[in-house]
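Reader: Hello! I have a model open on my screen and would love a close look at one part of it. Could you walk me through it?

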Amino acid sequence: MIDQILAARESALTRLAAATGSDDVRALELEVLGKKGSLTDLKAGLGRLATTEEKKDAGRALNEATTAVSGALAARLGEFRRAERAVQLEIERLDLTEVVRKPSRGHAHPVTQAWQRLEDVFIGLGFQVAEGPEVETDWYNFEALNMPANHPARSMHDTFYVDHGVPGSTVLRTHTSPVQIRVMQTIPPPIYMVMPGRVFRNETTDATHLAVFHQIEGLVIDRGITLADLAGTIESFTKAFFGDGFTSRLRPSYFPFTEPSAEFDIRTPKGDWLELGGCGMVHPNVLRAGGIDPEEFSGFAFGFGIDRMAKERHSINDVREMYTNDIRFLEQF
Amino acid sequence: MRIVHSMLKDLVAIGDDFDAIADIITNVGLAVEDIHHVGGTVAGVITAKVLRTERHADAAKVHRVFVDAGDGVERHVWCGAFNMQPGDIIPLATPGTVMPDGRAIEPKPILGISSDGMLCSARELDMGDDHSGILILPVDTPLGVPYGEALGLEKEVVYDIDVLRNRPDAYGHLGVARDVAAKFGISVTPAPVLPAAQAPVRSATVELVDGDRCPRFTSIVLSGVKVGPSPDWIARRLTASGMRPINNVVDVSNYVMLETNQPNHAYDFDTLGGGGFRVRLARDGETMITLDDSERTLTADDLLICDATDRPIGIAAIMGGQNTEISDTTTAIALETAWFEPAAIMRSVVRMGLRTEASARFERGMDTHGIERSTARFVELLRLTCPDLVVNEGAVDARAPQLPVPPVLRVRSARVGALLGTPFSAEQIRTLIEPIGFVCTTVGDDLDVLVPTWRPDCTGEVDIIEEVARLHGYDLLGKTVPKSTVPGGLSGVQQRRRRLRDVLLGLGLTEAMPHPFLTAGELEKAGLPAESVRLVNPLVVGDDMLRTSLRPGLLKAIAFNESHRRSGVALFEIGHVYPPSTDVLPAEYEALGIVIAGADAPAAVAVWRELAAAMGWGARLDQSNVPAGLHPARSATLSLGKDTIGAVGEVHPDAAEAFDVTERLAVLELNLSVLLANEPKPAAWKPTSRFPSSDLDLAFVLPDSVTAEKLDKAIRQATGNLLVDLTLFDVYRGTGLPEGTRSLAYRLRLQSLERTLTDDDVAAVRAKVEAATKKMGAVLRG
């Protein structure tokens, strides 16, 4: 019996060596270890052996044979599977630059992107964000901002008048500053607010001017706010938005709604100065119009164009390009 | 404003470091935008004498000129002008010279014969308009020297200054000089003294009829006038300032205005009717012919200068009349120098659309006491060309009580420090502002500050604080950061708007920003009501309607892209619309508009559902209520309670056609002012089952009159919480189905949180669904 076992084991291992694929291995497994397999048959014959000793010896031999064969089968099957998978994988080889379908992502307008980046920088500096209507009353757009009727500074604004209510009472806001007044009327100080939005100027458009464009404006009102605080806030913004190598300066200027007033310029790391926007200490008359006592609180305001930020970030040579709604333009950003 | 360096230098002894001076002017708040160098000599152009000229047989348009540039060497030049004679001295641009127009002179040969440079006309040297021939220089001009040196030409440097609205004084050189002098710590040149008046009395009388509009009017008669050309330097400085020299009287008048800022007007005294002035308001419809040869029709709000016979001779502060213009034969002038009420002048300027150098100054507000300096300077300068000039006795200084008196302002030094962030003592403040004319009186720690008459802009304490900051230097006030005591961040609406935009972008929609103004035709083309709020003064005629919908703008954008061979474009816009209202302001609100080219209504509904799910929105879809301009059978109104909050469907083919779009256009419009206003409840967690799910596919035949949404709802109600997903996967109309019906195939995914569902469970669901849907006329197939 032991000879038979050894022979069966030898035969199985010899045939396994000759196997050419995983199917051969599985067939052999069935022939040797299956229900009617050669080693299975021999196991059934164990009971017919005469002595316990014989049974014991044959049993051990059979166990060894079974373990050896099944181990060899499993090892060989693994080899074949790996080889066959490798072949299959190679068959599946693709050139990954043969891309037929394009993922269709939508594109946020470059002005929106600039708008949100500006908001985010100011939020980081502790500001909230306020908004207001684009069609405004003359009072909010001019009068409350220290520009009563016939104020000469009104001619600095080329205003679109709206045919609504009493003639001359309604305008398209020429700046985001009316939101300052609306904020002051609704929120008691301390106020740390930026006000982005669409504004309108009745002037002929060219590569750097639009009749409809976007501004962001900042307003801080608290106890003890100074012109130095304004300069420091502009400086913090400059570094946060443009980068560490940038600095800023204030230059005297004039706006009816601030006093002292200033222009603020930023200095690029190359040393060029760029005019960015206007700013100043909120004029006492403006604080009063907003219902705030100028003896108790002081504040500053600043503002500049959003469109220009987008134009310069993307090296767009003409602001009008941004409003063509040409998908070939929009998809670039 | 063009500030001429040499004129500034007459007023304040500064050097010639133009860039440094420009920096100082900029830092005191009068931004120098540009520095121009005007006139002067062109380097490389020297004087030479014509020796002889010679024609060349083959050259018709040019001849050969032989010149001597002082070194005895005969040089040959081709020249196209023939106005020179042997012996004439002319300017020779030597090879290598770069002409003012940028042209470089090269020894360019003609007919194989080279040219040793170019002879120049006056225009070529930027010395005027004359290009009729070569500039012939005076006979005694030395040879071989730069022509500018030979002619005594001086270069003028001009600072182009952006004068701020609150600095009316800085329209004159004197105003700029005061600031510059203060910065340099020196004084402005004192005003010249008006020579003593001489007999006889020749008085131009003044009658102020409407004195509130002209509270000060002075007249002085100057005789011994001889009209002729101005001295070169006056003509040159006027040219550099952008004014054209005319004659000595007009030039002095202009020069004095540019220097002192005070406009004045010189009348021919002998043509002044009644020998005097009468200042009164015009009558409605009254006309006069101004110096520019136009007939002006006036209103009762315009102020006139009339002669003593009441004949209009000038529109006050704006422009003189033709009838009393200075002529070559004028020998005596009546000089008017006045102060007019600025706001009224501005009204007249706007009404007439006529802004002059004089009116620009008057409307901003003049010095009430600048007249003395201006008059003295006028006489001083006119004397240069009229040595016999006589200041006649009988000058008039007519005043009305409305002449403004400058205020005295209390300036608290504590307040100055509190606003600027740097402490200033009263003494420091005084030291800063007295040099520019503010007169300070100490009151304890504070000051009473008398505003100079030329600074009408200063009306409050804060105006003086700005002067302190300006003269101290903004750069020296430091930079500090205030501590924000409020939490920074976006509001709820703003956060939700950002989330919405992110979802839109994720859905593959691209953001457009169309123009918010529309023409009447565009609303009509889009099938939208024509009622809209209009602009009174549009930039482009007809482009005057404030949009009531984002749709026309998006349709234009789609049309533009389609016409550029980009079909299937999917655009959205988040922007304001402005429907009319009877309230204080139009009923402005924020809207979302989406137009997807090449997509149908269900695609639009799918976008709506995706947005609604992402944003926590809900709305009723009402197909019986077709929004204006949309496809009548493929559109619906979205409403929330009683309010319409949007529209969904397809653009009406008529509208698409009107915008030249051929594609089908899915559309979704939402009122974001409503939808973003409320914070939706955060999505509540629903547990996911650990047990296997079973799918049940059911197809229903349903009359067209019943919406899929209703069937949906019935299925959901019937299955209760066993239903975890319901998907409509097929819609079929046609053969095999009764007329007016369609088949809707749904997959129901069923799952229990407690156990594995049995076949019986599934069968029970099926039976319930069948029973529930039967009631609405649905027939379960198969």
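Reader: What distance separates the centres of domain 1 of chain A and domain 2 of chain A, taken over C-alpha atoms? Please take it from there and show me how chain A is laid out and what it touches.

Author: Happy to! Please keep in mind that this is a predicted model. The centres of domain 1 and domain 2 of chain A, taken over C-alpha atoms, are 86 Å apart. In the domain assignment, domain 1 of chain A covers residues 2-91, and domain 2 of chain A covers residues 110-330.

Now for the partner chain. In chain A, 68 residues are in contact with 69 residues of chain B. On the chain A side, helix H8 (residues 227-242) gives the largest share, with eight residues. By residue type, the side of chain A that touches chain B has 33 nonpolar, 23 polar and twelve charged residues.

The two chains also share a strand pairing. Strand E3 of chain A (residues 162-163) pairs with strand E27 of chain B (residues 534-535) in the antiparallel sense, over two bridges. If you would like a spot to zoom in on, A:Asp163 has B:Arg534 in E27(B) as its bridge partner.

A good residue to visit next is B:Leu504, which lies in helix H13 of chain B (residues 492-506). B:Leu504 counts as buried because it has 24 C-beta neighbours inside 10 Å, where 20 or more are needed. Setting aside neighbours within four places in sequence, the contacts of B:Leu504 are A:Gly106, B:Leu509 and B:Phe572, so chain A is represented here by A:Gly106. B:Ile594 is 90 residues away from B:Leu504 along the chain, yet 9.3 Å separate their C-alpha atoms.

Let me finish with chain B itself. Its domain assignment lists six entries by number, including domain 4 (411-475), domain 5 (492-675) and domain 6 (694-780). The centres of domain 4 and domain 6 of chain B, taken over C-alpha atoms, are separated by 84 Å. Also in chain B, the axes of helix H11 (residues 426-433) and helix H12 (residues 461-472) come within 9 Å and cross at roughly 75°. This makes H11(B) roughly perpendicular to H12(B). From H11(B), B:Ile429, B:Leu432 and B:Ile433 meet residues of H12(B), among them B:Ile464, B:Val468 and B:Leu471. That helix contact divides into six nonpolar residues, one polar and one charged.

Terms used
Residues are numbered from 1 along each chain as its sequence is written. Chains are lettered from A and ligands numbered from 1 in the order in which they are written. This is a predicted model: local features need pLDDT of at least 70, side-chain atom pairs count only at pLDDT 80 or more; totals for chains, interfaces and linings use all residues. Two residues are in contact if their C-beta atoms, placed from the backbone, lie within 7 Å. Helices (H or I, at least four residues) and strands (E, at least two) are DSSP runs, numbered from the N terminus. Ala, Val, Leu, Ile, Met, Phe, Trp, Tyr, Cys and Pro count as nonpolar, Asp, Glu, Lys and Arg as charged, and the others, Gly among them, as polar. Two strands pair if DSSP finds at least two bridges between them. Domain bounds come from an automatic or database domain assignment. Axes are lines fitted to C-alpha atoms, for helices over the stretch in contact, and angles run from 0 to 180 degrees between N-to-C directions. Angles under 35 degrees count as roughly parallel, over 145 as roughly antiparallel, 65 to 115 as roughly perpendicular and the rest as oblique. A residue is buried if 20 or more other C-beta atoms lie within 10 Å of its own, exposed if 12 or fewer, and partly exposed in between; C-beta atoms are placed from the backbone.
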